[in-house]
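Colleague: Could you take a close look at one strand-rich part of this model, going through the pairing, the burial and the contacts in order?

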Amino acid sequence: MSATTACLVSYGSDSDSDNESTSKTGVVNVDPTDPDSTAHLKPLKSVPTMSVALLNSAPEVAVKEAVETGTHLDPSLKEVTYNPTFETMFAPEFGPVNPFKSQQMAAPRNMLSGYAEPAHLNDFMFEQQRRTFSTYGYALDPSVDTHQVTAISYIGAVDEAEKNKGLTVFETGQKDKRSEKRKKIKGGEAGEIDTFLGPWAKYIDEKDSAKPSEEEQKELDEITAKRQKKGKNEEEAPAEEKTILHVKDMYDYQGRSYLHIPQDVGINLRSTEAPDKCYLPKKQIHVWSGHTKGVSAIRLFPNSGHLLLSSSMDCKIKLWEVYGERRCIRTFIGHSKAVRDICFNNSGTKFLSAAYDRYLKLWDTETGQCISRFTNRKVPYCVKFNPDEEKQSLFVAGMSDKKIVQWDIRTGEVVQEYDRHLGAVNTITFVDENRRFVSTSDDKSLRVWEWDIPVDFKYIAEPSMHSMPAVTLSPNGKWLACQSMDNQILIFGAQNRFRLNKKKVFKGHMVAGYACQVDFSPDMSYVVSGDADGKLNIWDWKTTKLYHRIKAHDKVCISALWHPHETSKVITCGWDGQIKLWD
C-alpha cells in the first residue's frame with residue numbers, strides 16, 4: 001500500500017514544466033503522510049447503520065399457468081374448430097354469478113321463452129302432424145324417436161290416437177273396404193239378348209226408389225217449416241215505438257222546449273259565421289254514457305249544434321245536451337235491430353232513422369212520437385233528407401240491394417229509384433247547392449246523380465280505388481273527404497269535375513274494415529277522423545301532416561264531429577258505447 005502511495009506521490013511531483021511553474025507560484029505540495037489525502041483509496045469502515053425492512057403490498061396471486069390446466073370453451077359457442085377433450089367440454093362454468101337472477105332467468109336460453117334446439121323436420125311431416133292435430137286432436141311427440149311408436153309417443157288426445165291406431169289425416173283406415181269392389185247382379189249369357197245385362201247390370205245393394213228415409217223426411221219437414229216462417233217474418237208488424245223523457249220538465253218557464261237554442265253558453269250559436277281560427281283539442285272534458293252497446297252514428301242539431309243525436313246497436317236512439325248539464329234528454333225506442341244511420345231535417349224538428357230491421361222511421365224530435373214508417377223489405381244503409389227547403393218532404397236511402405230509393409213523406413210511397421250501383425250503397429252526400437248528390441258503394445265506385453234523374457251522369461271508378469264507406473262535404477262546399485278502405489282519406493272536388501285531389505291524401509291511421517266518419521274544422525284548417533284502434537286522428541289540411549293523435553275509445557272510434565261554432569270542441573263516439581267531448 002505504501003508503495004502505491006509513494007508511486008502516486010512521485011507521479012504528482014514529476015519534473016514537468018507546468019508543475020514546476022505551479023510549485024513556484026507558492027501552492028503547497030501534498031504531504032504523503034496526511035491521512036485525508038488518501039482517504040478515498042481506503043475501504044469504508046463498517047459503522048452500525050439502521051436497517052430498512054422491505055414491504056411488498058401486492059397480494060399473492062397464483063400464476064396463470066399453475067391454475068389453468070386446459071383451454072376454456074365459451075359456453076354459448078355453437079361450433080368448435082378443434083377437438084376438445086371431454087373434461088374441457090363438460091367443465092363447470094367459471095366467472096361470477098349474478099345473484100339477482102332467478103333460477104328461470106339463469107337457465108341457459110337462446111330465446112325469450114327458453115332454450116330451443118334446432119330440429120330438422122321434413123315440411124311434409126310437419127304439415128301432416130299439424131293437420132292431424134287440428135282434425136283429430138293428437139300428433140306425434142316430436143321429442144320421441146318416431147321409429148318406436150307407442151302410446152306415449154302421442155301428445156294431445158291420446159285415447160283418440162289409440163282408437164284410430166295413430167292414423168294421420170292423409171291415411172284412411174279403410175284400405176280393405178276400398179279394395180273390395182261392389183258386386184253386380186249376374187246378367188245371363190251374351191247370346192240371349194233379352195236376359196243379358198252385361199255392363200248395365202245393377203249393383204247388388206243398389207236402391208231404386210229416391211224416397212227419403214224417415215229421418216231425412218223429418219229434417220226436410222223442419223227446413224220447409226223454417227222457410228215458411230221466414231216468409232212470414234217480413235209480413236210482421238214493425239216494432240212498437242215508445243219514447244222516454246229523462247228531464248223533469250219538457251218546457252221551461254217561458255214555455256220553450258229543449259229545441260230552443262240557448263243563449264247563455266258564452267258563444268253565439270245562431271251566428272252563420274264560422275270561428276276565425278281553430279285549435280287542436282287536447283283533453284277529454286265530458287263523457288255521455290247511456291248506450292249499452294256500440295254507438296253507430298252521431299249527428300249535431302242543424303245550424304246551432306246545441307243538441308246531439310246518437311244511434312246505437314242497442315236499437316235505441318238518444319238525444320243529449322251539448323251545453324249546460326249535458327244530460328240525456330230523450331230516448332227513442334222503436335227498432336227491433338241495431339240502428340245504422342240517422343238524419344235531421346233542416347229545422348231539426350224531425351229526424352229519420354234507418355235500422356237493420358229493414359225499417360226507416362220518421363220521428364218528432366220534440367215529442368218523441370214516431371210519425372211514419374217506410375220499408376221496401378231491404379236493409380237501409382244510409383238515409384238523407386233533401387237539404388233543399390222546398391223538398392223537405394223527400395228523402396233518399398241507400399239500400400242493401402244496390403238501389404237508392406226516394407220516398408215522399410206525405411204519401412209514404414217510393415217516388416224514384418236510382419238503380420245503377422253494383423253493390424250495397426254506403427253513403428249519400430248532397431253537393432252543388434243540393435242539385436246533385438254523390439253516392440258510394442261496395443262496388444268501389446263513386447257516382448254522381450242529378451236530383452230525380454235515375455241515371456248517374458258521372459261514374460268514377462279506378463282499378464286502384466277501394467270502397468269508401470264514409471263521405472263528408474267540407475264546410476265551404478268545395479271538397480268531399482272520403483274514408484278509403486286502404487287506410488287513407490281521399491279528397492275529391494265537389495264542384496263540376498269531381499276530380500281526385502292527388503296532393504291531399506291523409507294517411508297514418510288504421511281504418512280498414514270500418515266506416516269511420518271524417519269531419520273538417522269549421523275554418524277548414526284541420527281534418528279529423530277516428531280509426532280502428534279507437535284513436536282520434538287530426539291532420540293539418542294544408543300540409544296533410546298528422547298533427548295529433550288521442551286514444552279516445554277502447555274499441556273502434558266510428559265517428560268524429562267538430563262542433564261548427566267552437567274553436568276546438570270535437571265529439572267522438574265508439575263501439576265501446578260511449579260518446580266523448582274533447583276540447
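**A serine and the strands that pair**

Modeller: Serine 441 makes a convenient starting point: the backbone oxygen of alanine 424 lies 3.1 Å from its side chain. Such a polar contact is a pair of N or O atoms within 3.5 Å; within protein, one atom must be able to donate a hydrogen and the other to accept it, and residues adjacent in sequence count only if both atoms are side-chain atoms. The model is a predicted one: local features require pLDDT of at least 70 and side-chain atom pairs pLDDT 80 or more, whereas totals for chains, interfaces and linings use all residues. Residues are numbered from 1 along each chain as its sequence is written, and side-chain values use heavy atoms, with hydrogens and water left out.

Serine 441 belongs to strand β18, residues 436–441; strands (E, at least two residues) and helices (H or I, at least four) are DSSP runs numbered from the N terminus. With a relative accessible area of 1%, serine 441 is buried; the term means under 20% relative accessible area, with exposed over 50% and partly exposed in between (1.4 Å probe, protein chains only). Leaving aside residues up to four places away in sequence, serine 441 is in contact with His421, Gly423, Ala424, Val425, Asn426 and Ser467, where contact means heavy atoms within 4.5 Å.

The sheet to examine closely is an open one of four strands, ordered β21-β22-β23-β24 with antiparallel pairing. Its edge strands are β21 and β24 (500–507), each of which pairs on one side only. From one strand to the next, the twist averages 25°; the axes behind this value are lines fitted to C-alpha atoms (for helices, over the stretch in contact), and angles run from 0 to 180 degrees between N-to-C directions. Strands of a sheet pair through backbone hydrogen bonds, either parallel or antiparallel. Here, two strands are taken to pair if DSSP finds at least two bridges between them.

Strand β21 (residues 470–473) is joined to β22 by four bridges, and the two run antiparallel. Alanine 470 has glutamine 483 in β22 as its bridge partner, and threonine 472 stands opposite alanine 481 of β22. Five residues separate the strands in the hairpin of β21 and β22, where glycine 477 takes a positive phi near 75°.

Strand β22 (residues 479–484) has five of its six residues buried, so it is largely enclosed by the rest of the structure. Six bridges connect β22 with strand β23 (residues 488–493), again antiparallel. One of the pairings sets cysteine 482 against leucine 490 in β23. The hairpin of β22 and β23 has three residues between the strands, and asparagine 487 in its turn has a positive phi of about 60°.

Leucine 490, which lies in β23, merits its own paragraph. Its relative accessibility is 10%, and it therefore counts as buried. Apart from residues up to four places away in sequence, leucine 490 touches Met468, Leu480, Ala481, Cys482, Ser484, Leu500 and Val505. Lysine 502 is 12 residues from leucine 490 along the chain, and their C-alpha atoms are separated by 8.0 Å.

A second open sheet may be set beside this one. Four strands in the order β9-β10-β11-β12 form it, with antiparallel pairing. β9 (339–344) and β12 (370–374) are at the edges with a single partner strand each, so one side of each is left without a neighbour in the sheet. Neighbouring strands here are turned by 20° against each other on average, direction ignored. Between β9 and strand β10 (residues 350–355), which run antiparallel, there are five bridges; valine 339 has alanine 355 in β10 as its bridge partner.

A further hairpin is that of β5 and β6. Five of the six residues of strand β5 (residues 295–300) are buried, and the strand is mostly covered. Five bridges link β5 to strand β6 (residues 307–312) in antiparallel fashion, and valine 295 has serine 312 in β6 as its bridge partner. Six residues lie between β5 and β6 in the hairpin, with asparagine 303 in the turn at a positive phi of about 70°.
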